[in-house]
Amino acid sequence: MSRIGKLPVAIPKGVTVTVDQTNVVVVKGPKGQLQQQVNPEIEVQVEGEQLIVSRPSDSIPHKSMHGLYRSLLKNMVVGVSEGYTIELEFVGVGYRAEAKGQLLEMSLGYSHNIVFDLPTEIKVEAITERRSNPKVKLMSCDKQLIGQVAAKIRSFRMPEPYKGKGIKFVGEEIRRKAGKSAGK
């Protein structure tokens, strides 16, 4: 059996999970509601306070789907109960970020400002403190969506290896290069 797939998913208080006949799993909680279409060959059952995912055989496609759907469902349960947060740090002289509702306006050293329209499921907060780099905090209940949006924002100015300038995740270590060595 799959090491990940055989583990049951604990359903916390305040979260409801429903599975209908077309194998659509709907998870509702205090932070929001998410749904996921599960392959008809994979069986999802709610037993008490646990969500159990099982597969019909040990074939390779069934094994891979078993672990995948269990991980997706666990991320949904955690998302609607606790939520996910990603922080991005803007490293560079003159780099700024400003949140205006669902718009994120960034000054990244280009000749123009970049205005990024965020999905409605994501809440954004721009943090600017003296003597520190500006930070952007993204919050959502959907792990896939928040990761995709954070990667898109980071792609506007990837961290470069010589000075470390760019947009990076908070806590991320940038591998630095030595640069030119002056000498004969």
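## Exercises on a predicted model

An open sheet in this structure is built from three strands in the order β2-β3-β4, and their pairing is antiparallel. The model is a predicted one, in which local features need pLDDT of at least 70 and side-chain atom pairs count only at pLDDT 80 or more, while totals for chains, interfaces and linings use all residues. Residues are numbered from 1 along each chain as its sequence is written, and side-chain values use heavy atoms, with hydrogens and water left out.

### Exercise 1: the sheet β2-β3-β4

Task: work out which strands stand at the edges of this sheet, and which helix packs on it.

Solution. Begin with the terms: helices (H or I, at least four residues) and strands (E, at least two) are DSSP runs, numbered from the N terminus, and two strands pair if DSSP finds at least two bridges between them. The edges are held by β2 (16–19) and β4 (32–37), each with a single partner strand, so one side of each is left without a neighbour in the sheet. Next, look at the join between strand β3 (residues 24–29) and β4, which run antiparallel and are connected by six bridges; within this pairing, Gly29 has Gly32 in β4 as its bridge partner. Finally, helix α1 (residues 60–81) packs on the sheet and touches β2, β3 and β4, its direction making about 170 degrees with that of β4. For this angle, axes are lines fitted to C-alpha atoms, for helices over the stretch in contact, and angles run from 0 to 180 degrees between N-to-C directions; touching, or contact, means heavy atoms within 4.5 Å.

### Exercise 2: the sheet β8-β9-β10 and Asp117

Task: describe the order of this second sheet, and decide whether Asp117 is buried or exposed.

Solution. Three strands form an open, antiparallel sheet in the order β8-β9-β10. Here β8 (96–100) and β10 stand at the edges with a single partner strand each, so one side of each has no neighbour in the sheet. From one strand to the next, the twist averages 20 degrees. Strand β9 (residues 103–107) pairs with β10 in the antiparallel sense over four bridges, and Met106 stands opposite Ile114 in β10.

Asp117 belongs to strand β10 (residues 114–117). Its relative accessible area is 55%, so Asp117 is exposed, where buried means under 20% relative accessible area, exposed over 50%, and partly exposed in between (1.4 Å probe, protein chains only). Not counting residues up to four places away in sequence, Asp117 touches Gln102 and Leu103.

### Exercise 3: salt bridges

Task: state how many salt bridges a search of the whole structure finds, and examine pairs that include Lys168 with Glu89.

Solution. A salt bridge is a side-chain nitrogen of Lys or Arg within 4 Å of a carboxyl oxygen of Asp or Glu, and the search finds four of them. Side chains of opposite charge can pair when their charged atoms come close.

- Lys168 and Glu89 meet through their side chains at 3.9 Å, N to O. Lys168 lies in strand β13 (residues 166–169) and Glu89 in strand β7 (residues 84–91), so the pair ties together parts that are 79 residues apart in sequence. Lys168 is buried at 17%, and Glu89 is buried at 14% relative accessibility.
- Arg154 and Glu172 meet at 2.7 Å, N to O. Arg154 lies in helix α2 (residues 143–155) and Glu172 in the segment after β13, so this pair links parts that are 18 residues apart in sequence. Arg154 is buried at 14%, whereas Glu172 is partly exposed at 23%.
- Arg55 and Asp58 form a salt bridge whose closest N and O atoms are 2.9 Å apart. Arg55 is buried at 12% relative accessibility, whereas Asp58 is exposed at 55%.

### Exercise 4: nonpolar cores

Task: identify the helix or strand that gives the most to the largest nonpolar core.

Solution. A nonpolar core is a set of buried Ala, Val, Leu, Ile, Met, Phe, Trp, Tyr and Cys residues joined through side-chain atoms within 4.5 Å. In the largest one, which has 24 residues, those with the most contacts inside it are Phe90, Met106, Leu138 and Ile153. At least two residues each come from β7, β9, β10, β12 (135–140) and α2, and α2 gives the most, with five residues. Apart from this core lies another, of 20 residues, among them Val27, Leu34, Ile42 and Met65.
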